[in-house]
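Please prepare a short report on the ligand surroundings, the enclosed space and one helix of the structure shown below.

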Amino acid sequence: MKYAYYPGCASDSTAREQHASCSAVARALGIDLTEIEGWTCCGTTPAHQTDRVLSASLPAANLARAQKMGLDVVVTCAACYSMLKMANYEVLRHPKIREHVGEALGHDYDGSVRVRHFVEVLLEDVEIDRIKKALKRSLNGLKVACYYGCLLVRPPEVNRFDNPENPVSLDRLVTAIGGESLDWPHKVECCGGALSLTRSDVVVKLSDAVLTMARAAGAECVAVACPMCQINLDLRQSDIKKETGRDHNLPIIYITQLLGLCLGISADKLGLEKLMVSPERIVQRLT
Amino acid sequence: MTIRIKKDKTSPGLLRTVEKLADVDLSVCFQCKKCDSGCPVSNLTGAPPSEILRRLHLCAGNELLASDLVWMCVSCETCFVRCPMGIDIPSVIDALRGLAVEQKTPAPEGNMPLFNRVFLKTVEMFGRTYDLGMIVAHKIGTKTYMKDAEKFPGMLRKRKIALLPPRGADRKMVKRIFDSVRRAKEKQK
Ligand code: SF4
Ligand code: SF4
C-alpha cells in the first residue's frame, strides 16, 4: 500500500498532531505514505472566494506532481481534500478551465489522479478486519460523537465520500476500536471554521451549537478528521465559556489519535499534548 | 417575507453576470427556502440565501453586494446539497464576492476580503500558508490587535502555530500560477 502523501499547510502549524498521528498510524499498519516533494498550498477558502482558475490551479499543481509518482494522493485535511477533488472535477468538466490551468502550470493536467482521505484508505484498503487484528488496546466503551463537518462530505457529487447527511465512516472506525459511536444530529453541521479569524462572534455561536448537542448526546469526546474543525471546536471553548457561561470541556481529538492510542502508540508520538482541552481523561479510560 | 425594491428598477441588474460567473441557471429556483432551513447563518444574516436569489430575479444591482451573507456565508455547501433544483448557491455567493471586490464595496465586519488578500499573499510568497504572518497582517489591517491575543502564548508553547515561515515548497510554481491568473484577468478587462 503506497500513496503520494499531501500533508497540507496545517501539518506544519495548527495540525502537527494530525500529521504526526496519521504518520504513526500509517507506519503501524504498513501503509507507505511518500510525501509529494515540493508540495504547495491548495489555496483553500481564500482561493475559491477569489478566482475559479486560481482555486483549480493551486491544487492541480500538486496533483500533477503525484501523477508523475504514479500513485493515488492521500490527504488528511478535509479542506485540502475538498479542494483537490474540486480541481479534478473542474478540469474534467470544463475544457476552458483545463486550458487555463494548463497555462498556469505550464503543462496540461487531465484531472485523473485519484484523491483519497486517509480515513477512506483505512476503511477501503486496510479494512476493518486488519485494523482489528493490529489493536493492542480498546476505547473501552468511550462515548464518542463523530463530527464530519462540511468539507469531507459536501458537495457529494464532487467528494463522493460517504452519505452527505448521515455519514458513518468515522463511526465505523470508532466502533472497531471499542468505542461507542453516538447517534447525534450535528454530524454534518458547520462549525464556522472559514470565519475563524474574521467573525469569531459567528464561530462561537455555531461551535457552541455543535458542542451543546454533542454533550446532550452524552459524548465524552468529539472525534474529527479535519484541522479546521479541530482547532475551531477546541480553541473556541474558552470563548464560548466567556460568552455563554457554558463550559463544555470536551476534548476534540483526531480519529487518527484515537486509533493510534488503540494501536499502542505512545501519547507523545500522537501529539496528544497539543490539544487545548486535555484528553487525559480519555487516555485513562482505555484498557 | 416581503422584499421591498425600488419602483424605478428597470435595468436587468446582476442576474446574468452572476449566472455566467457561477455557471448556474437561477430561473429554476422556486423559492421553497430549503436552502435557508439548512444554512447555519441564515438566522444571523439580514438576507438568507433564498432572498439573495429572489433579489437577483428582481433585478438587484450592485447594492446586493453589500448584503451581509456575501461575507458571512461559511461556504459549508449545505444549501447546495439540499436544494431540490440542484442550484450551486455557494458558487453564486463566490461570484458576488468577486464582484464586491471588483466594485470596491465597503469592507464587511471582520474584513474577509482583506483576510483573503493577506492569506493569498503569504501563499504567493512562501508557496504555503504562513499563519502567523497572515494573522499579524490582518490584525494591522483591521486594527484588532487584542482580539484573541490571550490565545497566542498557549498556542506558541504547544507549537500549535509556527513561528517561522514554511520551507520546502516549490515557490516558483506558485508564483507562476498567480502571475498567469493575473495576466488572464487583465486580458479580460
Ligand atoms: S432550496 Fe433551491 S429552489 Fe429552494 S429556495 Fe433555495 S435555491 Fe431556490
Ligand atoms: S454555503 Fe453559505 S449560504 Fe449555503 S448554507 Fe452554507 S453558509 Fe448558508
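The report takes the cavities and the bound ligand together, and then turns to a helix in another chain.

The model described here is predicted. A search of the whole structure finds five cavities of 30 Å³ or more, and the largest cavity has a volume of about 110 Å³. Ligand 2 sits in this largest cavity. Its lining is made up of 13 residues, of which C39(B), P49(B), C73(B), C76(B) and C79(B) lie nearest the centre. Among the contributors to that lining, helix α6 of chain B, which spans residues 89-102, gives the most, with three residues.

The residues around ligand 2 include the cysteines C39(B), C73(B), C76(B) and C79(B), the prolines P40(B), P49(B) and P90(B), and the valines V41(B) and V74(B), while S75(B) and E77(B) also belong to this shell. The table sets out the shell and the cavity lining by residue class.

| Set of residues | Nonpolar | Polar | Charged |
|---|---|---|---|
| Shell around ligand 2 | nine residues | one residue | one residue |
| Lining of the largest cavity | eleven residues | one residue | one residue |

In chain A, helix α13, which covers residues 255-262, is mostly covered, with eight of its eight residues buried. The buried residues of α13(A) are I255(A), T256(A), Q257(A), L258(A), L259(A), G260(A), L261(A) and C262(A). An α-helix has 3.6 residues a turn, so residues three or four places apart point the same way. Following α13(A) comes G264(A), whose phi is positive, near 85°.

Conventions
Residues numbered from 1 in each chain as written. Chains lettered and ligands numbered in written order. Predicted model: local features only at pLDDT ≥ 70, side-chain atom pairs only at ≥ 80, totals over all residues. Heavy atoms only, no water. Near = heavy atom within 4 Å. 1 Å grid on protein atoms, 1.4 Å probe; cavity = no way out; pocket = protein on both sides within 12 Å on 5 of 7 lines; lining within 4 Å. Sits in = over half its atoms within 2 Å of the grid points. Nonpolar A, V, L, I, M, F, W, Y, C, P; charged D, E, K, R; others polar. Points joined across faces, edges and corners; volume = space filled by probe spheres on them. Helix = DSSP H or I, 4+ residues; strand = E, 2+ residues; numbered from the N terminus. Buried < 20%, exposed > 50% of the residue type's maximum accessible area, 1.4 Å probe, protein only.
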